[in-house]
Amino acid sequence: MFVQIGRDRNGLTNKLKAMLPEINRRQIYREHNCDSIYEYAGKFGGLSCAVVESVLKLEKKLEAMPELFGLVETEGSAKVALIANLATPENAPQLADKVKNMSKRAVTEMAKEMRGRKNGEESIRATISEKSPCQASQKITLHLDEEMQFLFLKLKQKLKISSNKRTMKKILQKMIKQEFPKISEDFPGKKSAKIPSVSEKSTRIPTAAKKATPAQKSRTGETSESSKNAVYAAPKIATRHISAQEKRQSLQAHNYRCGYPGCNKPHSDFHHVQPFSRTFSHENIVPLCKEHHEFMHNGLVTEKWNFTLDGKIGFEDAIYREKRRG
Ligand SMILES: [Zn+2]
Ligand SMILES: [Zn+2]
């Protein structure tokens, strides 16, 4: 109760803050017998002078990038301020995407990374064109069990499409539109049917599994999928559950720390470098701290573990983002 009301209040405060520059420009405070925006904001909004000043300063810094200042309303001024000094009209769209989709702590880490690499701009540029691991196009062979075959053929018949591939594409498109409308907005790159039903099946199931087992600690779902549903996965490795031995091996390989280059924090999640839904393998898991796990799913890391702002957001990343925001 208290927490909820606190959240509501923060949301309202953010809305007030976002309105300040406009009120100041149009001198609306005069209409309310106030001599300044500070007096007005204190009297009617309960905002201190320091807060008003910081918001107005922030807006000035982001003058040429209104899409970033606009995020004050939903994400709060403190989170937006983290990247204010690093923002340029060129990187503003990417930064807006990160601020929207990452936690405040992960944005803090990202800002640190960007400050550290400002001088090494060249080396970042060199890696920008690399495909992120999630985007690599792969051929996926899928073994359908009897039930899946039946369902697939039924849908194919319904859709009146002769080719299996085009049928699958249609199913996935419909699926995304209906089940994950938010993702389809985030995810303009559904160019081809390169994410066939494997990922659809195994990403869809975790959502249900997560609801069924809310006590499981992982917020990514990656380390906690219920093996009960594994019957739908490909026959090779039937479960998303990562065994204690696999975890231990991965931890040993990374000295029981986060596997992100230069990070010394203890691990919190296990991340699949290649999405499990494509490999059905846990061989490529890496222990990561929460913040760097967010990096991985927000297009901030290249295949060669370099920092980039331009990584693509794959299907699995979109799911991760959705889950994190809850
Ligand atoms: Zn991950
Ligand atoms: Zn880390």
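Does Trp305 count as buried, exposed or partly exposed, and how many C-beta neighbours lie inside 10 Å of this residue? The legends below take up this question and others, and they describe a predicted model.

**Figure 1. Overview of the protein chain in the predicted model.** The chain has 326 residues, and 31% of these count as buried. Its secondary structure consists of 17 helices and two strands. When contacts between residues at least 6 apart in sequence are considered, 60% of them join residues at least 24 apart.

**Figure 2. Close-up of Trp305 in the loop between α16 (290-296) and α17 (315-325).** The opening question is answered here: Trp305 counts as partly exposed, because 15 C-beta neighbours lie inside 10 Å. This number falls between the limit for an exposed residue, 12 or fewer, and the limit for a buried residue, 20 or more. The backbone angle phi of Trp305 is near 60°, which is a positive value in a residue other than glycine.

**Figure 3. Close-up of Asn298, in the loop between α16 and α17.** Asn298 is buried, since 24 other C-beta atoms lie within 10 Å. Leaving aside residues up to four places away in sequence, Asn298 touches Lys98, Asn101, Met102 and Asp317. The view also includes Arg321, which is 23 residues from Asn298 in sequence; in space, the two C-alpha atoms are 7.8 Å apart.

**Figure 4. Helices α1 and α3 in contact.** Two packed helices are described by the angle between their axes and the distance between the axes. Helix α1 spans residues 2-25 and helix α3 spans residues 49-61; their axes come within 9 Å and cross at roughly 75°. The two helices are therefore roughly perpendicular to each other. On the side of α1, the contact involves Lys17, Leu20, Pro21 and Asn24, and these meet Val52, Val55, Leu56 and Glu59 of α3. Sorted by class, the residues of this contact are five nonpolar, one polar and two charged.

**Figure 5. Helices α10 and α11, with the loop residue Lys160 between them.** The axes of α10 (residues 146-159) and α11 (residues 164-179) come within 10 Å and cross at roughly 90°. This crossing angle makes α10 roughly perpendicular to α11. Leu155, Lys156 and Leu159 of α10 form the contact with Thr167, Lys170 and Ile171 of α11. By class, three residues in the contact of α10 with α11 are nonpolar, one is polar and two are charged. In the loop that joins these helices, Lys160 counts as exposed, because 7 C-beta neighbours lie inside 10 Å. Phi of Lys160 is near 55°, a positive value in a residue other than glycine.

**Figure 6. The largest nonpolar core.** Which residues touch the most other members of this core? Among its 38 residues, they are Ile37, Leu68, Val80 and Val99. Helix α2 (residues 37-45) contributes the most to the core, with four residues. At least three residues of the core come from each of domain 1 (2-101) and domain 2 (244-325). A second, separate core has five residues, including Phe315, Ala318, Ile319 and Tyr320.

**Figure 7. Close-up of Val80 and Val99.** Val80 lies in helix α6 (residues 77-84). Val80 is buried, because 29 other C-beta atoms lie within 10 Å. Val80 and Val99 are 19 residues apart along the chain, and their C-alpha atoms are separated by 6.9 Å. With residues up to four places away in sequence not counted, Val80 touches Leu58, Leu68, Phe69, Leu71, Val72, Glu75 and Val99. Under the same exclusion of residues up to four places away, Val99 touches Leu71, Glu75, Lys79, Val80, Ile83 and Val107.

**Figure 8. Close-up of Arg240 in the loop between α13 (197-212) and α14 (244-253).** Is Arg240 buried or exposed? Arg240 counts as buried, because 24 C-beta neighbours lie inside 10 Å. Ser281 is also shown: it is 41 residues from Arg240 in sequence, and the C-alpha atoms of the two residues are 8.4 Å apart in space.

Methods: Residues numbered from 1 in each chain as written. Chains lettered and ligands numbered in written order. Predicted model: local features only at pLDDT ≥ 70, side-chain atom pairs only at ≥ 80, totals over all residues. Axes fitted to C-alpha atoms, helices over the stretch in contact; angles between N-to-C directions. Parallel < 35°, antiparallel > 145°, perpendicular 65-115°, else oblique. Contact = placed C-beta atoms within 7 Å. Nonpolar A, V, L, I, M, F, W, Y, C, P; charged D, E, K, R; others polar. Core = buried A, V, L, I, M, F, W, Y, C linked by C-beta atoms within 7 Å. Domains from an automatic or database assignment.
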